[in-house]
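Biologist: I want a close look at one part of this complex, the place where one helix of the second chain meets its partner chain. Please keep it brisk and then put that part in its setting.

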Amino acid sequence: MTIEDAGTFFESNSIKLKTVSSVEWEIALRKAEKHLNYRLWNRTSFGAHTIENLGVPAKEYYLNFTYMSVIYGNWEWKDDFDLPQQLIRIIDSRISTVVESYKKTKDKNEERLKDGKYLLTTTEVAQDIESTFYDLKGDDEISEEDLLKVEEQYEEIEQFILESDDEDLIMFWECVKEGYTRKDIAEFIGKTPKQLDKIKEKLLRQIRKEVIKDNGNQ
Amino acid sequence: METNNALKTLRNLYGLFMEINYHTEPADFVSELNDKDPFISVHLKNVMLHRTKAKAMLKKRKFEELKEQFIALKKVGLEKLQELFPPAERVEMVKLFNKFEELTEKDIEAINEDQDFLTFISSIKDKLEDEDGIK
């Protein structure tokens, strides 16, 4: 990275970054890593987010991309968001861009794919980021092998819930099946977001090993 | 359960995890900091290295900008620059004007940290722009 490569927001981001401590950076990175674990679930062994396509493991690629973009001002750190949220927003936008480019390239230009030109694209895809948590447009490719893993993981969770006598956990899982959002679930089962987070952690403990295994890039 | 339904439900689940994570306060992550994560440690180190590099780059950029401004102002000439200020202000700024006259390009690095002088240079530049449209 040279001074000529620095982006439009280099100075304004640098001013904000002056007050960010290493602890705050670590928290931001941890939060972004968690996001990537969830976002890339079942998406790294086939398609746009493979090592073959990105050149490095997906988690490595997107995490590096997001903090470098903030540090060198290629993306604006907006006042509306704290650092972890801004990193997550850049990650999701970049993922959308990579997926979009991958699909176009795959359909129309095999040579461009080989050259990896899409990796240099910095186009921001404008979208309501929170809506993409549930449906990342154009990111539907999944291998047969991964589909089998999905079934296995689903059955494991079902079994875990069946054997559980924790009513909150049972309700939580039913809400997930219905596609409820965080706010909907909190209202439906009468819990605060903090309480909801604890229920989530219970379920996550059960499936954490599967998440890590499926990402294949730890 | 059909595969598609399983896939849809699990995507809902990870979507929900993402949403919860996004809204979790940074302070709630503090307790996790004791558990060392090698992946995070490598990237944190990289962040700190690039922050240092970025700070140096920013300093160099500001220096180059200042040098450019300084050369442009020198070309305008001290007499004309002094006329931009009312006499009373000019007296107050006599030290700064003297400093400006004595400075060479080589001295610019030394004044890069001199906030009063930087403000002075900036005010001259603003006045010139107001008067002549010079940038």
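Biologist: How do H8(A) and H1(B) lie relative to each other?

Modeller: Roughly perpendicular. This is a predicted model, so read every value below as computed from it. H8(A) spans 144-163, and H1(B) spans 3-23. The two pack at an angle of about 70 degrees. Angles of 65 to 115 degrees count as roughly perpendicular, and therefore the pair gets that label. Their axes are 9 Å apart.

Now the residues. H8(A) brings A:Leu147, A:Val150, A:Glu151, A:Gln153 and A:Tyr154 to this contact. H1(B) answers with B:Thr3, B:Ala6, B:Leu7, B:Thr9 and B:Leu10. By class, that makes six nonpolar, three polar and one charged.

H1(B) has another partner in chain A. That partner is H2(A), residues 22-39. H2(A) and H1(B) pack at about 165 degrees, again with an axis separation of 9 Å. An angle over 145 degrees counts as roughly antiparallel, and these two helices are therefore placed in that class. The crossing of H2(A) with H1(B) is left-handed.

Here is the residue list for that pair. A:Lys31, A:Lys34, A:His35, A:Tyr38 and A:Arg39 come from H2(A). B:Tyr14, B:Phe17, B:Met18 and B:Asn21 come from H1(B). The class count for this contact is four nonpolar, two polar and three charged. The charged residues on the list are A:Lys31, A:Lys34 and A:Arg39.

So H1(B) serves both packings. B:Thr3 to B:Leu10 hold the residues it gives to H8(A). B:Tyr14 to B:Asn21 hold those it gives to H2(A).

Step back to the whole contact between the chains. Chain A puts in 48 residues and chain B 37. Several elements of chain A supply at least two residues each: helix H1 (10-17), H2, H4, H5, H8, H9 and H11. H2(A) has the largest share, with 13 residues. On the chain A side, 25 residues are nonpolar, eight are polar and 15 are charged.

Next, the core. The largest nonpolar core has 53 residues. The members that touch the most others are A:Ala28, A:Ala32, A:Tyr62, A:Leu87, A:Ile91, B:Tyr14 and B:Phe17. Two of those names should look familiar: B:Tyr14 and B:Phe17 also meet H2(A). Elements of both chains give two or more residues to this core. From chain A they are H2, helix H4 (58-71), helix H5 (83-108), helix H9 (167-178) and helix H11 (193-215). From chain B they are H1 and helix H2 (38-76). H5(A) gives the most, nine residues. A:Ala28 shows how parts of chain A meet there. Leaving aside residues up to four places away in sequence, A:Ala28 touches A:Leu83, A:Pro84 and A:Leu87.

The loop that follows H2(A) deserves a glance. A:Asn42 sits in the loop between H2 and helix H3 (51-54) of chain A. Phi of A:Asn42 is near 65 degrees, a positive value in a residue other than glycine. Most residues other than glycine have a negative phi. A:Asn42 counts as buried because 22 C-beta neighbours lie inside 10 Å, where the cut-off is 20 or more.

H9(A) offers a second spot to check, at A:Leu169. A:Leu169 is partly exposed, with 17 other C-beta atoms within 10 Å. Beyond residues up to four places away in sequence, A:Leu169 touches A:Ile161, A:Ser164, A:Ile199, A:Lys202 and A:Leu203. A:Leu169 and A:Lys202 are 33 residues apart in sequence, yet their C-alpha atoms are 7.9 Å apart.

Last, the chains as wholes. Chain A has eleven helices and zero strands. Chain B has seven helices and zero strands. Of the 218 residues of chain A, 36% count as buried. For the 135 residues of chain B, the buried share is 16%. Take contacts with a separation of 6 or more. In chain A, residues 24 or more positions apart account for 70% of them. In chain B, the corresponding share is 69%.

Key. Residues numbered from 1 in each chain as written. Chains lettered and ligands numbered in written order. Predicted model: local features only at pLDDT ≥ 70, side-chain atom pairs only at ≥ 80, totals over all residues. Core = buried A, V, L, I, M, F, W, Y, C linked by C-beta atoms within 7 Å. Buried ≥ 20, exposed ≤ 12 C-beta atoms within 10 Å, placed from the backbone. Helix = DSSP H or I, 4+ residues; strand = E, 2+ residues; numbered from the N terminus. Contact = placed C-beta atoms within 7 Å. Axes fitted to C-alpha atoms, helices over the stretch in contact; angles between N-to-C directions. Parallel < 35°, antiparallel > 145°, perpendicular 65-115°, else oblique. Left-handed = near helix turned anticlockwise from the far one by under 90°.
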